[in-house]
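User: I am new to this structure and would like a close look at a single part of it. Could you walk me through the nonpolar patch on the surface and the residues that make it?

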Amino acid sequence: ALPDGVLSGDAAQAASDLAALETRLADAYASLVAQAGPGARRHLVAASADAAGAAADLTGDVPAFPGMP
């Protein structure tokens with residue numbers, strides 16, 4: 001379930017909050033890539049790219065290396 005207030009705010013704030021969440025997910029997936037075995041890395045890289053793409057769709061910003069600090 002989403003926290004109270006997430007859906008009751010304005011659209012710009014909701015998009016900003018969702019973009020921040022997707023960015024954090026991209027970072028988390030990218031950090032897991034280094035810890036994962038070879039068979040799991042492909043899925044984690046794809047998940048990181050998907051999350052970074054979702055954040056970019058919401059903000060219009062495309063980082064040079066999504067998921068990297």
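Analyst: Here is a short tour, from the whole protein to the patch and then to two of its residues. Please keep in mind that this is a predicted model.

Let's start with the setting. The protein is built with 2 helices and 0 strands. It has 69 residues, and 19% of them count as buried. The surface it exposes comes to about 4,900 Å², with carbon and sulfur atoms supplying 62% of that area. As for contacts between residues at least 6 apart in sequence, 52% of them join residues at least 24 apart.

Now to the patch itself. Four leucines make it: Leu18, Leu21, Leu25 and Leu58. Together they form a nonpolar surface patch of about 310 Å². Helix α1, which covers residues 11–35, gives the most to this patch, with 3 residues. Leu58, by contrast, belongs to helix α2, spanning residues 38–59.

How exposed are these side chains? Take Leu58: its relative accessible area is 37%, so this residue is partly exposed. Leu25, which sits in helix α1, also counts as partly exposed because its relative accessibility is 33%. Both values fit the patch rule, which takes in residues with over 30% relative accessible area.

Leu25 is worth one more look. Leu25 and Ala47 are 22 residues apart in sequence, yet their C-alpha atoms are 8.5 Å apart in space.

Notes: Residues numbered from 1 in each chain as written. Predicted model: local features only at pLDDT ≥ 70, side-chain atom pairs only at ≥ 80, totals over all residues. Heavy atoms only, no water. Helix = DSSP H or I, 4+ residues; strand = E, 2+ residues; numbered from the N terminus. Buried < 20%, exposed > 50% of the residue type's maximum accessible area, 1.4 Å probe, protein only. Contact = heavy atoms within 4.5 Å. Areas by Shrake-Rupley, 256 points an atom, 1.4 Å probe, with all protein chains shown as cover. Patch = residues over 30% accessible without salt bridge, like charges linked within 9 Å, V, L, I, M, F, W, Y side chains within 5 Å. Salt bridge = Lys/Arg side-chain N within 4 Å of Asp/Glu carboxyl O.
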